[in-house]
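Visitor: I would like to learn how to read a model of protein with DNA. Where should we begin?

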Number of protein chains: 2
Amino acid sequence: MTSVRTEAAYAMLARTLRGAILQGRYADGARLPTEAELATEYRVSRQTVRRAFHDLVSEGMVRRVPGRGTFAAPRGGQYLRQFGSVEDLMGLSLDTKLEVITPLRRQVDIDAASRLRLDSDVVYRIVFRRLHNDVAFCLTTVYLPPDIGMVLAELPALSTPGALSEVTVIGMIDTHTGSSVAEAEQSITAVAASDPVALSLDGRPGDPLLRVDRSYVDTAGRLVELATSYFLPEHYSYRVKLRRGPA
Amino acid sequence: MTSVRTEAAYAMLARTLRGAILQGRYADGARLPTEAELATEYRVSRQTVRRAFHDLVSEGMVRRVPGRGTFAAPRGGQYLRQFGSVEDLMGLSLDTKLEVITPLRRQVDIDAASRLRLDSDVVYRIVFRRLHNDVAFCLTTVYLPPDIGMVLAELPALSTPGALSEVTVIGMIDTHTGSSVAEAEQSITAVAASDPVALSLDGRPGDPLLRVDRSYVDTAGRLVELATSYFLPEHYSYRVKLRRGPA
DNA sequence: CGTTATTTGTGCGTATGTATT
DNA sequence: AAATACATACGCACAAATAAC
């Protein structure tokens, strides 16, 4: 049985602080409370606070300076997130909302079907925006194979025009179908905003946008989702941490 | 004054273990000694061993399983969290050429100096293009701290206007200075081409470009390079593969 | 099947050092 | 010089997962 492990104190504190930073408290490089203050406030030891901060440092959420304090990583009003893993993508639902533009439904699209490597030409398609603090920063079109689309089309969060929810499509695939997303490949380029995209994102046609194409593969190696997103650079920047790996 | 801090015990242990893994001891996911064993062997507390392991886990070098032990990450990088790598960046020199626009030289720049977290306001700066098959696809400005810039400024490949060579700046840092780049953080957005950038890239002002900001950190945790690059989306797109970590 | 030994995970306490103000 | 704040290091106790018996 999968009994729910109680979240570790340091993990909970890290989550709390992460949320506070992402929601814009400690805006733009402000100083966070000291270790001692947080220890008192949350009734934990200073070591536990340090453990939480250690995680936040490695995520790039805060910067620490001996003798001065701990500072939120400056984000010039942008939505900034680290996407180094599939977990990071699923974490999108933590502090953003999904707003349905065109609900998930069955459709004939030869091109999308062939990109999903399907035999038939039937796919499911949904268009939605993602909001952070009620500001739209991204417009996404998702294509799903019929068996998965059919299941997810039952969910009100994806099938109701205008619906607002805190979910991710890959999260839904994980919980509502037999598939589990294991891997994603993304390709990122810059494009000029087309008229309809500009309209949905409250920008102007011709504005530079980030275009991100992702394909998701489940544990069995099957392509389970294709997504194309357009991001407003004023409200979003993509961030990755690269490391030198085992040779 | 930059007095040389003696390396922390946990950092030294982490470096030792990292080296052992990279050299293929513990090959093929072999089990490492337990915390208690390492603590005895290196005459440190178990907590210090844990601190070292914590770093190695976040680097993806090892995988830990409660009740079983600590295992070296398989060489294929199967369980690696980060899929872009510093090696990918160094690989740029394999099939592209660097063409110097403004040679590397000393300069006063308060803003760049503070972003490099320097005490003084002196930095070294170079501007270059990168060519693939004699087509320019990227324009880059690099800032270096004085001690590193001073050394690299001696190299003709970076100090001669118009010079063409097959090198990368981080490669030069690796081979010509005491530092070794271990980590890079990048942030990617889209911008409209300014007049001078458009000119260098044979594009038109206003064209959408990918803007990539990178900061490079060496093995000692020091910021050793800041780079800003503009890419033509027609000739370049950024790709990453994301995986789900071992649950 | 439970019991036990091993091994990592969590949490706290203390002491000392170093950087900054 | 003193106070503040983060960094390192060690110690201990107990919990949770695993494997072997």
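Guide: Begin with the cut-off for nearness: a residue is near a strand if one of its heavy atoms lies within 4 Å of it. Keep in mind that this is a predicted model.

Visitor: With that cut-off, which residues come nearest to DNA strand C?

Guide: There are 25 residues around DNA strand C, and those that come nearest are A:Ala9, A:Gln47, A:Thr48, A:Arg68 and B:Arg46. By class, this surface has 7 nonpolar, 9 polar and 9 charged residues.

Visitor: Which part of DNA strand C lies within 4 Å of the protein, sugar or phosphate on the one hand, or bases on the other?

Guide: Of the strand C atoms within 4 Å of the protein, 69% belong to sugar or phosphate, and the rest belong to bases. Individual atom pairs show both kinds. On the base side, a polar side-chain atom of A:Gln47 lies 2.8 Å from a base oxygen of DNA strand C. On the phosphate side, a polar backbone atom of B:Glu35 is 3.0 Å from a phosphate oxygen, and an N or O atom in the side chain of B:Thr70 is 3.4 Å from a phosphate oxygen of this strand.

Visitor: Which elements give two or more residues to the surface near DNA strand C?

Guide: Chain A gives helix H1 (9-22) and H3, while chain B gives H3, strand E1 (62-65) and strand E2 (69-72).

Visitor: Now the other strand. How many residues surround DNA strand D, and which are the closest?

Guide: DNA strand D is surrounded by 24 residues, the closest being B:Ala9, B:Tyr10, B:Gln47, B:Thr48 and B:Arg68. They divide into 7 nonpolar, 9 polar and 8 charged. For the strand D atoms within 4 Å of the protein, sugar or phosphate accounts for 70% and bases for the rest.

Visitor: What side chains come up to the phosphate oxygens of DNA strand D?

Guide: Among them are three, each with an N or O atom of the side chain in the pair. For B:Thr48 the distance to a phosphate oxygen is 2.3 Å, for A:Arg64 it is 3.0 Å, and for A:Thr70 it is 3.3 Å. As for elements, helix H3 (46-59), strand E1 (62-65) and strand E2 (69-72) of chain A each supply at least two residues of this surface, as do helix H1 (9-22) and helix H3 (46-58) of chain B.

Visitor: Let us turn to charge pairs within the protein. How many salt bridges does the structure hold over all chains?

Guide: The general idea is that side chains of opposite charge can pair when their charged atoms come close. The structure holds 26 salt bridges over all chains. One of them joins A:Arg50 to A:Glu35, with the closest N and O atoms 2.8 Å apart. This pair links distant parts of the chain, since A:Arg50 is in helix H3 and A:Glu35 in helix H2 (residues 35-41), 15 residues apart.

Visitor: Are A:Arg50 and A:Glu35 buried or partly exposed?

Guide: A:Glu35 counts as buried because its relative accessibility is 11%, whereas A:Arg50, at 37%, counts as partly exposed. Both belong to a network of salt bridges that links A:Glu35, A:Arg46, A:Arg50 and A:Arg64.

Visitor: What would a pair within one helix look like?

Guide: Take A:Arg115 and A:Asp111, whose salt bridge has its closest N and O atoms 3.8 Å apart. They are separated by about one helical turn because they are 4 residues apart in helix H6 (residues 110-115) of chain A. In chain B, a salt bridge joins B:Glu7 and B:Arg15 at 2.7 Å, N to O. B:Glu7 is partly exposed at 39% relative accessibility, and B:Arg15 is partly exposed at 43%.

Visitor: How many residues has the largest nonpolar core?

Guide: The largest nonpolar core has 78 residues, and those with the most contacts inside it include A:Leu144, A:Leu152, A:Tyr238 and B:Leu144. A second, separate core has 15 residues, including A:Leu17, A:Ile21, A:Leu32 and A:Leu38.

Visitor: What is A:Leu152 in contact with, leaving aside its neighbours within four places in sequence?

Guide: Its contacts include A:Leu104, A:Leu144, A:Leu158, A:Val169, A:Met172 and A:Ile173.

Visitor: And chain A as a whole?

Guide: Chain A has 10 helices and 11 strands. Of its 247 residues, 54% are buried.

Terms used
Residues numbered from 1 in each chain as written. Chains lettered and ligands numbered in written order. Predicted model: local features only at pLDDT ≥ 70, side-chain atom pairs only at ≥ 80, totals over all residues. Heavy atoms only, no water. Polar contact = N/O pair within 3.5 Å; in protein donor to acceptor, adjacent residues only side chain to side chain. Nonpolar A, V, L, I, M, F, W, Y, C, P; charged D, E, K, R; others polar. Core = buried A, V, L, I, M, F, W, Y, C linked by side-chain atoms within 4.5 Å. Buried < 20%, exposed > 50% of the residue type's maximum accessible area, 1.4 Å probe, protein only. Contact = heavy atoms within 4.5 Å. Salt bridge = Lys/Arg side-chain N within 4 Å of Asp/Glu carboxyl O.
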